[in-house]
Amino acid sequence: MSSLPPPPDIVRSAYAALVVTSLPEARRFWVDLLGFVVTDEDASSLYLRGYDELTHHNLILRSGPVAAAGALGFRVRSVADLSRAEEFYGALGCRTERVPAGFARGQGETVRAEDPLGFLVEFFAASAHPERLQQRYDLRRGAEVARLDHFNICVPDVPVAYEHYKSLGFGLSETIEDGRTLYAAWMYRKQTVHDVAFTGGAGPRLHHLGFFAHEPHSVLRMCDILGSLSLESCIERGPGRHGVSNAFYVYLRDPDGHRLEVYTSDYYTGDPDHPVLRWSVLDPRRRDFWGNAVIPSWYSEASAVLDLDGKPRPVIDIAQTAEVTVGADGFTVPAE
Ligand SMILES: [Fe+2]
């Protein structure tokens with residue numbers, strides 16, 4: 001791997017694109033209920049962001065016949081990093097393409113690549129800056145989401161995913177392991193717990209998009225809003241406190257089943273000697289600090305991902321020992 005060209009200088013996870021089967025239903029969920037800001041739209045797409053976001057979008061919802069995750073978008077430091085992305089993924093034998101500014105509204109020239117893990121990743125350096133809304137408290141609704149924070153992806157082989165993101169210059173903040181097997185890992189470029197995390201399972205699939213809110217009451221209020229509207233089935237797991245990352249969280253499912261997390265209160269990881277926190281796979285606090293069992297669907301269900309041509313990627317079954325072999329955390333069976 002040492003012969004690889006230098007990787008692009010990734011600043012952070014910045015946006016994701018999701019294919020949704022009904023744009024009006026998706027709009028009701030993401031905009032009317034969750035309170036995302038609409039930056040831009042056309043007949044088949046919505047460009048959304050949180051109230052703190054100073055680039056054009058955190059989420060692109062595109063209308064399509066089959067629900068899927070379209071792309072994971074990373075901001076890079078400079079335009080020169082676009083060429084580095086092409087060279088890096090090209091050297092890995094991955095298909096890439098370079099698309100002009102405006103391929104996504106409000107976004108500069110972009111390099112797209114099918115990464116070695118099977119995900120479609122996009123790199124951009126330039127973005128339009130819409131109106132700053134951080135202090136428009138009068139506009140805030142729903143979960144008062146501030147920004148996208150991370151991607152959580154299902155991969156059949158967590159150590160392979162760890163090595164790939166390590167080669168991209170990501171730091172490691174936390175793991176779930178047992179000394180022999182790495183079951184899950186959280187990795188970062190910006191100075192938080194993660195920009196990307198890996199959940200062992202059939203993949204490539206998108207497990208969830210993580211969105212940051214400033215206050216625990218935003219997480220609770222979102223649950224109350226959904227309950228009031230008899231939409232409690234959208235609440236999949238939580239609210240609760242994670243062991244890993246210390247986040248106060250809730251997991252929701254959108255009308256197409258795409259999973260998102262609204263969370264608050266993780267921590268700073270920017271020191272160069274930031275120590276890794278390693279959780280035992282047998283510690284029931286790792287996934288929920290209060291020991292609440294995880295619903296099985298959280299481990300088994302995820303969104304299909306698309307290739308450069310918009311076709312679903314084939315899913316490969318888990319290649320390593322699963323973190324949970326029966327049901328969910330309340331029924332954890334230790335690996336032999
Ligand atoms: Fe998450």
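**Note on a predicted model**

1. In this predicted model, strands S10 and S11 form an antiparallel pair held by six bridges. Within that pair, Glu 177 faces Leu 182 of S11. The hairpin that S10 and S11 make has four residues between the strands, and Gly 179 in this hairpin has a positive phi near 90°.

2. S10, which spans residues 171-177, also pairs with strand S17 (residues 277-280); here the two run parallel and four bridges join them. Glu 177 appears in this pairing too, standing opposite Ser 280 in S17. As for its surroundings, S10 is mostly covered, with five of its seven residues buried.

3. Helix H3 covers residues 158-167, and Val 158, Ala 161, His 164 and Tyr 165 are buried in it. Why do these residues lie on the same side of H3? They cover an arc of only 125° around the axis, and this places them on the same side of the helix. The general background is that an α-helix has 3.6 residues a turn, so residues three or four places apart point the same way.

4. What do the buried residues of H3 pack against? Their partners are strand S9 (145-155), strand S11 (182-188) and strand S12 (196-200). S11 is thus named both as a partner of S10 and as a strand that H3 packs against. Just after H3 comes Gly 169, whose phi is positive at about 90°.

5. Another part of the model is an open sheet of eight strands, with the order S2-S3-S4-S1-S5-S8-S7-S6 and mixed pairing. Its edge strands are S2 (37-42) and S6 (96-99), each of which pairs on one side only. On average, neighbouring strands of this sheet are turned by 20° against each other, with direction ignored.

6. Within this sheet order, S5 and S8 are neighbours. S5 (residues 68-76) and S8 (residues 120-124) pair in the parallel sense, over four bridges. Arg 75 stands opposite Phe 124 in S8. Helix H2 (residues 80-91) packs on the sheet and touches S5, S6, strand S7 (110-114) and S8. The direction of H2 makes about 15° with that of S7.

7. The domain assignment gives domain 1 as residues 10-124 and domain 2 as residues 145-321. Taken over C-alpha atoms, the centres of domain 1 and domain 2 are 19 Å apart. How many residues does each domain give to the contact? Domain 1 gives 39 residues and domain 2 gives 36 residues.

8. On the side of domain 1 that touches domain 2, the elements giving two or more residues are strand S1 (10-20), helix H1 (23-33), S5 and S7. S1 gives the most to this side, with nine residues.

9. Two cis peptide bonds deserve a look. One runs from Gly 203 to Pro 204, with omega near 5°; Pro 204 is placed in the loop between S12 and strand S13 (205-213). Another joins Gly 238 and Pro 239, with omega about 10°. Pro 239 lies in a strand, S14 (residues 235-241).

10. Positive phi values also occur in residues other than glycine. Glu 144 has a phi near 50° and is found in the loop between S8 and S9. Is Glu 144 buried or exposed? Glu 144 is buried, because 22 other C-beta atoms lie within 10 Å, where 20 or more are needed.

11. Asn 246 is not a glycine either, yet has a positive phi of about 65°. Asn 246 is in the loop between S14 and strand S15 (248-253). With 17 C-beta neighbours inside 10 Å, Asn 246 counts as partly exposed.

12. For the protein as a whole, there are five helices and 18 strands. The radius of gyration is 19 Å, close to the 20 Å that the globule rule gives for 336 residues, so the protein is as compact as a globular protein of that length. Along the principal axes, the C-alpha atoms fill a box of roughly 55 × 50 × 40 Å.

13. Two whole-protein proportions complete the note. Of the 336 residues, 48% count as buried. Among contacts between residues at least 6 apart in sequence, 69% join residues at least 24 apart.

Methods. Residues numbered from 1 in each chain as written. Predicted model: local features only at pLDDT ≥ 70, side-chain atom pairs only at ≥ 80, totals over all residues. Buried ≥ 20, exposed ≤ 12 C-beta atoms within 10 Å, placed from the backbone. Arc of directions from axis to C-beta. Contact = placed C-beta atoms within 7 Å. Pairing = 2+ DSSP bridges. Axes fitted to C-alpha atoms, helices over the stretch in contact; angles between N-to-C directions. Rg over C-alpha atoms; globule rule 2.2 N^0.38 Å. Domains from an automatic or database assignment.
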